[in-house]
Amino acid sequence: MDLFTYEDMKLIHRKTLGDSVPLELFRSVRLIGMYQGLPMKGASTTKTVGRKIGQSLPVENMEEVLSFFKELKIGIPSIIESTEKEIHIRIDDCFCKGLPTHPGNKTCDLEGAILEGAISRFNNGKVMVKEVKCNVNGDPYCEYCIKLL
Ligand SMILES: [Zn+2]
């Protein structure tokens, strides 16, 4: 039994500051804290953290996963390619949109791991998500490749 659940996260009683924090705080945690602060740009940590968050989301199919991604304002996902074993998802308005480009750097792996954890809830845990494009890398949008194993 987890100490905190996703349902707990929604119990917000802040009278003055409400239920939002600025995007620059989320970006700071992600990019200054995790990407720059952890070994290997946070690679193994983001996998663990993202998967755990994804597994806690109350979703039962791909449609619900994608609508959560938008609801949490990580980005606006759309399926651009789909076969039995592989799905490509384009993310518009990703949290990283507008940051300076740094070719060779893809920064949205935690968000991909959230997808992975969420999809594993209804896909027998056999799923791998890889970030294949990123605004920060200089690509026109962020994109994930989802492999259903
Ligand atoms: Zn991104």
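## A four-stranded sheet and its helices

Four strands make up an open sheet here, ordered β1-β2-β4-β3, with antiparallel pairing. The edges are β1 (76-82) and β3, each of which pairs on one side only. On average, neighbouring strands in this sheet are turned by 25 degrees against each other, direction ignored. Keep in mind that this is a predicted model.

**Walking across the sheet**

Let's start at the β1 edge. A hairpin takes the chain from β1 to β2 through 3 residues, and the two strands run antiparallel with 6 bridges joining them. If you want a residue pair to anchor your view, take Ile79, whose bridge partner in β2 is Ile89.

Next comes the pairing of β2 (residues 86-92) with β4 (residues 142-148), again antiparallel and again with 6 bridges. Several pairs help to fix the register of these strands. Glu86 has Lys147 of β4 as its bridge partner, Arg90 stands opposite Glu143 in β4, and Ile91 stands opposite Cys142 in β4.

On the far side, β3 (residues 127-133) pairs with β4 in the antiparallel sense, over 6 bridges. Here Lys130 stands opposite Cys145 of β4.

**Two faces of β2**

Which residues of β2 point to the buried face? They are Ile87, Ile89 and Ile91, which share one face and are buried. Glu86, His88, Arg90 and Asp92 point to the other face and are not buried. This fits the usual rule: in a regular strand, side chains alternate between the two faces of the sheet. Put this together with the bridges and you get a handy picture: Ile89, from the buried set, is the bridge partner of Ile79, while Arg90, from the set that is not buried, stands opposite Glu143.

**Helix α5 and its neighbours**

Helix α5 lies across β3 and β4, and runs at about 155 degrees to β3. Two other helices, α3 and α4, also cross α5, and the table puts the geometry side by side.

| Helix pair | Axes come within | Crossing angle |
|---|---|---|
| α3 (residues 43-56) and α5 (residues 109-120) | 6 Å | roughly 40 degrees |
| α4 (residues 62-71) and α5 | 10 Å | roughly 150 degrees |

Take α3 first: its axis and that of α5 come within 6 Å and cross at roughly 40 degrees. That angle makes α3 oblique to α5. The crossing of these two helices is right-handed. Quite a few residues take part in the contact. On the α3 side they include Ala43, Thr46, Lys47, Val49 and Gly50, and on the α5 side they include Asp109, Leu110, Glu111, Gly112 and Ala113. By class, the residues of this contact divide into 8 nonpolar, 7 polar and 6 charged.

Now for α4. The crossing of α4 with α5 is right-handed. What residues make the contact? From α4 come Met62, Val65 and Phe68, and from α5 come Leu115, Ala118 and Ile119. The class count for α4 with α5 is 6 nonpolar, no polar and no charged residues.

Met62 deserves a second look. This residue lies in helix α4, and is it buried or exposed? Met62 counts as buried, because it has 20 C-beta neighbours inside 10 Å, and 20 or more is what the buried class asks for. Met62 is also one end of a long-range readout: its C-alpha atom and that of Pro103 are separated by 31 Å, with the two residues 41 apart along the chain.

**Two loop residues with positive phi**

A couple of backbone angles are worth checking if you plan to look at the torsions. Met40 has a phi near 55 degrees, a positive value in a residue other than glycine. Met40 is found in the loop between α2 (23-35) and α3. Met40 counts as exposed because it has 8 C-beta neighbours inside 10 Å.

Asp93 also has a phi near 55 degrees, positive in a residue other than glycine. The place of Asp93 is in the loop between β2 and α5. Why is Asp93 classed as partly exposed? Because 15 other C-beta atoms lie within 10 Å, and partly exposed is the class between 12 or fewer and 20 or more.

Notes:
Residues numbered from 1 in each chain as written. Predicted model: local features only at pLDDT ≥ 70, side-chain atom pairs only at ≥ 80, totals over all residues. Axes fitted to C-alpha atoms, helices over the stretch in contact; angles between N-to-C directions. Parallel < 35°, antiparallel > 145°, perpendicular 65-115°, else oblique. Left-handed = near helix turned anticlockwise from the far one by under 90°. Contact = placed C-beta atoms within 7 Å. Nonpolar A, V, L, I, M, F, W, Y, C, P; charged D, E, K, R; others polar. Pairing = 2+ DSSP bridges.
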